[in-house]
Amino acid sequence: MITKKNKTSSDIQNITSVDKLIHEPARLNIMVHLYVVESADFLFMMRRTGLTFGNLSAHMSKLENAGYIEIIKEFVGKKPHTMLKLTEQGRQAFEEYRKKMKQFFDDMPS
Amino acid sequence: MINKTNLKEMEKKAFRDSNQDGQMEIVFGVIFFSIAGYIHTKNLPILLILLPIFGPIWMQFIRNNLTYPRIGYARPSKKMARQIIWVLFIYMFIVLFMVFVFPFISNDWDLSLWHNWSPVFYGIMTTGAFLYLGYKVGIMRYYIFATLSVIGVLAAYFIEFETLERGLEMYFLGMSGVMVITGFALFFIFLRRHKLSKKEITDDN
């Protein structure tokens, strides 16, 4: 039989298992904004997230190393243009994170 | 944060942001102008042939040089874009299907009625398309276009023009004028509001 005390402790364990790479506010911000579009460039992401170029680049590198983000180099006319895209793995990781957080807040006693 | 984040709303906002430069309205305006030209000349006007070829090239040129350097670029989600195209296609198909089905379900139908009701069918098509776009991407001005479309169709139906075609022609010309003026106004507001950054964001930064 699951007691209320046991349930609460399992909820807390659940929150500790969230993806910490996504949980960081700046990276969560990036993940959310990339989740709702197919792909976006640096300027768009800077405007939407409010992050500076250097800050955004640093977080992007971490997300790229984890396989959550794909960086696509394109040419617009003769200028190189970098597009950022959430990978399938990144999409799944974000959905999983969202599910866990929602579950945690839903179960939290008011 | 995660509780307050409405992903659907963010998706709409990303779409709205990418279309705040008025280019979409200008393209709609040119399409309406072409339809008016078609009704007037009864021949396929040159604009209607050139539009699918040069419309996207022109829009891309303007956006690459003036829009994206100011606000950046985001490709909308494929799912959303596909859904919009699919729903509009089905909707147009249903309206056209009704146009052809009416004569069969009505006992006292003759071809002149088909002719008389055409403003209503055009109106249903354009109003429905604007209403759906307004709902789907949350752009308020599309609801205004839908209202203007209803007013325009009613005017075309009730005002006694020399011929019915003249009424329709005026309707499409009027809508075209509204769309093009709105598009250019939005474009100038956009250019004033979003100044080009002095330090360009490039891959070399």
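**Group meeting: a sheet shared by chains A and B**

Okay, let me start with a single residue, Gln20(B), which sits in the loop between α1 and α2 (23-41) of chain B. Keep in mind that this is a predicted model. Is Gln20(B) buried, exposed or partly exposed? Well, Gln20(B) has 17 other C-beta atoms within 10 Å, so it counts as partly exposed. Setting aside residues up to four places away in sequence, Gln20(B) touches Leu186(B) and Phe190(B). With Leu186(B), you're looking at 166 residues of separation in sequence, yet 7.0 Å in space, C-alpha to C-alpha.

Right, on to where the two chains meet. On the chain B side, 20 residues are in contact with 22 residues of chain A. Which elements of chain B supply at least two residues each to that side? Those are α1 (7-18), α3 (46-71) and β1 (74-76). α1(B) gives the most, with four residues. As for the chemistry of the chain B side, you get 10 nonpolar residues, six polar ones and four charged ones.

Now the part I like, the sheet. Four strands make an open sheet, in the order β2(A)-β3(A)-β1(A)-β1(B), with antiparallel pairing. At the edges you find β2 (69-76) of chain A and β1 of chain B, each pairing on one side only. On average, and ignoring direction, neighbouring strands here are turned by 25 degrees against each other.

Let's zoom in on β1(A), residues 37-41, which is joined to β1(B) by three bridges, running antiparallel. β1(A) also pairs with β3(A), residues 79-86, again antiparallel, over two bridges. Ala40(A) is a nice one to click on: its bridge partner in β1(B) is Ala74(B), and in β3(A) it stands opposite Leu84(A). Next along, Asp41(A) stands opposite Met83(A) of β3(A).

So why call β1(A) largely enclosed by the rest of the structure? Because four of its five residues are buried.

Last thing, the helices on this sheet. α4(A), residues 42-49, lies across β1 and β3 of chain A together with β1 of chain B, and runs at about 100 degrees to β1(A). Then there's α1(B), which lies across β1 of chain A together with β1 of chain B, at about 120 degrees to β1(B). That's the same α1(B) that gives the most residues to the side of chain B touching chain A.

That's me done, over to you.

Technical notes:
Residues are numbered from 1 along each chain as its sequence is written. Chains are lettered from A and ligands numbered from 1 in the order in which they are written. This is a predicted model: local features need pLDDT of at least 70, side-chain atom pairs count only at pLDDT 80 or more; totals for chains, interfaces and linings use all residues. Two residues are in contact if their C-beta atoms, placed from the backbone, lie within 7 Å. Ala, Val, Leu, Ile, Met, Phe, Trp, Tyr, Cys and Pro count as nonpolar, Asp, Glu, Lys and Arg as charged, and the others, Gly among them, as polar. Two strands pair if DSSP finds at least two bridges between them. A residue is buried if 20 or more other C-beta atoms lie within 10 Å of its own, exposed if 12 or fewer, and partly exposed in between; C-beta atoms are placed from the backbone. Axes are lines fitted to C-alpha atoms, for helices over the stretch in contact, and angles run from 0 to 180 degrees between N-to-C directions.
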